[in-house]
Amino acid sequence: MSAAQRISPSSESLGLSIVRVVPMSDADDIVKEFLVESYENLDRLDRDLVLLEKNPGNREILASVFRTIHTIKGTSGFLAFDKLGAVTHVGESLLGRLRDGELVLNGEITTALLALVDAVRQMLASIESSGSEGERDDVALISRLTDLQHAGDIPGDRDEPALAAEVKAAPPATAAASPLAVSEAAPATKAAPGLDSAAANTIPIPPPTKPKMEPSDHAEAFDPASSGAGVKAKREQPGARAQGAGDSTIRLDVSLLDQLMNLVGELVLARNQILQCANISEESSLLAASQRLNLITTELQGGVMKTRMQPIGNIWSKLPRTVRDLAIDCGKQVRVEMEGQETELDKTLIEAIKDPLTHIVRNSVDHGIEAPEVRQGVGKNPEGLLFLRAFHEGGQVNIEISDDGAGLNQERIRLKAIEKGLVTSEQAGRMSDRETVNLILLPGFSTAEKLTKVSGRGVGMDVVKTHIERIGGTVEVQSRPGKGVLVRMKIPLTLAIIPALIVTSAGEPYAIPQVSLLELVGLDGGESSQKIETIHGAPVYRLRGRLLPLVYLKTALRLDDAETADATTPVEGTSLSAPGASGAGSKAPVTKRTNIVVLAADGRQFGLVVDEINDTEEIVVKPLSKHLKDISVYAGATIMGDGKVALILDVLGLAKGSNILSEGREHGRELETEARAGTNGGKQKLVLFSGAAGARMAVPLKMLARLENIPGGQVERSGNRWVTQYRGQILPLIRITHALEERRRLRPTDDLLSLPTSDMLQVLVLENEQQAFGLVVNRILDIVESAMEPMSPSTRSGVLHSCVIAEKVTELLDVPSLLRTGEAFEPPEVPSGRELN
Amino acid sequence: MASAGQFCTFYLNHLLFGVESQKIQEVVTHRELRPVPLAPTVVSGLMNLRGQVVVALELRRQPEMPDRARAMKPICLVVRTEEGTVCLLADEVGNVVEVKEETFEPSPETLPPRLRAVIRGVHKLEHQLMHVLDTERACEVSS
């Protein structure tokens, strides 16, 4: 306190000598605290100023801005940073006049104040690196601020604007003015308590470096409504709040938290090991203790995890300023709206998404949102909207950045991608809108016609994608032409400890992060050989009627080589080859139970076939060494409860490696999404099957509801048609061979009812105008995407035309007409089949 | 490059190799390795070293020596490299020797290139030659 009294901010040499009075490390600490605190304040300032520009009348924000600048000024005076003091001083004066309502905030003033913030930031950076403000000339800025301050005003009536402002600041009640003015005018006395708290090594947040009584005085001064001293409750509230926050928060070094996190990670491993031991031991006290250890560890883990959680608003708060500056640069008007600022995620992740986020926002403002005239021309609000949204979903954080701009020009993206050699023109032609839009995530892609200083240097969205994928997230772009673009990032909550499913393949454990897990399917030996089919060699499983592409983990990891070798050796099951030995037991094809882990990768589903499904476990992710980094199917390694090392599978990498996400996708996701499977640049997805006499036929996939196998025994007759009970409804069945024949006369053997009850009928359940019916075909062949150029006209009713699909002549069925004929279809005349026999 | 000092020696296919002692964190007996499918052949697997996951590299595979006989359990030299801790598998551990600069000679041109790539030179010991292993190079993965 006594040291503070001696400070005179105007004398640099004296100021320095004061700093020397304090032990050097203390002085460093004070400066460090000052920097940390000021950076925080500056970020708030950016946000507040932009808010204020929108809403110039808001006294609360104005007061907060004033306070921030004032605090920096005061502290800089105390620490003898004169240049900093001079600049903030004029800024404070200007703000004082704004606060008193003598000036109204406009764009010009905001820009000048933001420039002030930038200047302060630069000086702080310089102080941080070199210890001084650096050589700089702020005369222009100072005179600009001074000019603004006196604009539209009788100049010269104040030589000490700050003091004057303070006097004015206390509206009607002049009684409050004098103590306040004194305290404001003498920053040195005020800064003194700052020293106290800094020396205590903890700085309260928010950090008002003022005597304890002061905040309430301020509140009074800033709030004309509470001018009287009688409004006691109201006076004390802000002060109490600031105090409370100050007492209950401390600043911590992040590395300390990281260290804690690592230790908790180790503890979780040790806990897992102890639990495993305890579970096999008879000792009941050990069991009880281990249970308690389990509980405590879980809570501790949650607690430590929470300390690292930060609301996403922390990084969003910087964006309004960025957007404002950018919008002015590009001559655009942009409004930023946010939802879900309080959504929390791990600090390291927050750091990791900062740059990508800024990049996307810049892109949106620079390329997405149109110039005001253009917007007006198409009947939009001249002010564009940038909408940020964050929310938790399924253990992940979703972050959406959308704008209401022009959307992406698909055609241009296609051309650009072809021009850059990212895709061939043939590939581009085949691409769906969704795929096209996501081309912009490929490396080396940029469609900006002119390079701006903001964005468009050819590195762009691919960097965003790489960054997000590195932390286990995904990026997806959606675009509606003329309506805007939506970028969605999905980010895991935390990286360190994740719940995972442990599976075994070839005797070794693998961990699958639970986030990508959808469900588990177990098939008995008999079932598996029947239910797993192949489409052109690719195994698929019908999961509730939908085709789920299967990936055998052993195949993906090329472990089956060893096993095939085993199988060929005459001594089945007692193979000597070490790696395959444990797997060999499960080799016997008939009795083998098939375990399918249904996974989602990048929005697509696939089934991973593993030998055994063990358990779920909390695992600590350990990074792999560089020797193994290139193997995309692993996300890391972990140590399990029994001390064994398990590899963590990277579901996305696994899917990519198994072509689930590229050419294989037709068999997966596209099949389920009827809408998208429709026409697409003259191309359609078609289901190929063999019909009458082995002829190849096709129906559009969008009409297909499901693929079913119906046992012959389940076919019944109702009136004049064949039907089957299907999902609680009666599904009419039409046999393709009959529906298309010229003369629809049945031979008794053709009657579906005459089939052996165990025979399986392959049925395409088709839907046309809400009406479902089953088309009994000989064999389902494939699903292809093809242009349907008619090569020859139809030769029979029920067929639209013939075309060449996959190099074979294929008839395209006319489903509506087939349905009509099917309905009119005469029943088997004779009570043939079963009744007769 | 200082080639004098204390070296920890080990045998690899009857050849004597040496690594600077200060680079060696510890030498542990063979323990269970977790094989890593799809990994480069040099990678023998992953090891649980007191809660740390450490990659184990087969030194015999680097200079293309014949594989170790199955019955022969390797020893693990845990070395610190720029990329973190790595475990190198060797046949047998030898003595710690003190060598002087004078006995050092760069590796002869005639050495097999794969062996030459991972050693910095040889020390002429009294009865034997000691190959000075370049741990950084030995930890590189050639596909």
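Helices, in these notes, are DSSP runs of H or I with at least four residues, numbered from the N terminus. With that settled, I looked up what comes after helix α4 of chain A, and I found that α4(A) is followed by A80(A), whose phi is positive, near 65 degrees. I note here that I am reading a predicted model.

**Entry on α4(A).** I then went back to the helix itself, which covers residues 59–78 of chain A and has 20 residues. From its first C-alpha to its last it reaches 28 Å, close to the 28 Å expected at 1.5 Å a residue. Is α4(A) mostly covered or mostly open? I found it mostly covered, since 16 of its 20 residues are buried.

**Entry on α16(A).** I made the same check on helix α16, residues 319–330 of chain A, whose 12 residues should span 16 Å at 1.5 Å a residue, and because its end C-alpha atoms are 16 Å apart, the two values agree. Which residues of α16(A) are buried? I listed L319(A), P320(A), R321(A), V323(A), R324(A), L326(A) and A327(A). Beside this list I wrote a reminder that an α-helix has 3.6 residues a turn, so residues three or four places apart point the same way. Just after α16(A), I came to G331(A), which takes a positive phi of about 65 degrees.

**Entry on chain A as a whole.** I counted 31 helices and 30 strands in chain A, and I noted that buried residues make up 37% of its 837 residues. Taking the contacts in chain A between residues at least 6 apart in sequence, I found that 66% join residues at least 24 apart.

**Entry on the cores.** The largest nonpolar core holds 87 residues, and those that touch the most other members are I648(A), L649(A), L46(B), A56(B), L57(B) and L88(B). I followed L649(A) further and, leaving out residues up to four places away in sequence, found that it touches Y510(A), A511(A), I512(A), V633(A), Y634(A), A635(A) and L654(A). A second, separate core has 42 residues, including A327(A), I353(A), L388(A) and I399(A); A327(A) had already appeared among the buried residues of α16(A).

**Entry on the two chains.** How many residues of chain B are in contact with chain A? I found 18, and they meet 20 residues of chain A. On the chain B side, the elements giving two or more residues are β4 (43–49), β5 (52–58) and β7 (84–90), and β4(B) gives the most, with 4 residues. I sorted the residues on this side of chain B into 13 nonpolar, 3 polar and 2 charged.

Key: Residues are numbered from 1 along each chain as its sequence is written. Chains are lettered from A and ligands numbered from 1 in the order in which they are written. This is a predicted model: local features need pLDDT of at least 70, side-chain atom pairs count only at pLDDT 80 or more; totals for chains, interfaces and linings use all residues. Two residues are in contact if their C-beta atoms, placed from the backbone, lie within 7 Å. Ala, Val, Leu, Ile, Met, Phe, Trp, Tyr, Cys and Pro count as nonpolar, Asp, Glu, Lys and Arg as charged, and the others, Gly among them, as polar. The expected span of a helix is 1.5 Å times one less than its number of residues. A residue is buried if 20 or more other C-beta atoms lie within 10 Å of its own, exposed if 12 or fewer, and partly exposed in between; C-beta atoms are placed from the backbone. A nonpolar core is a set of buried Ala, Val, Leu, Ile, Met, Phe, Trp, Tyr and Cys residues joined through C-beta atoms within 7 Å.
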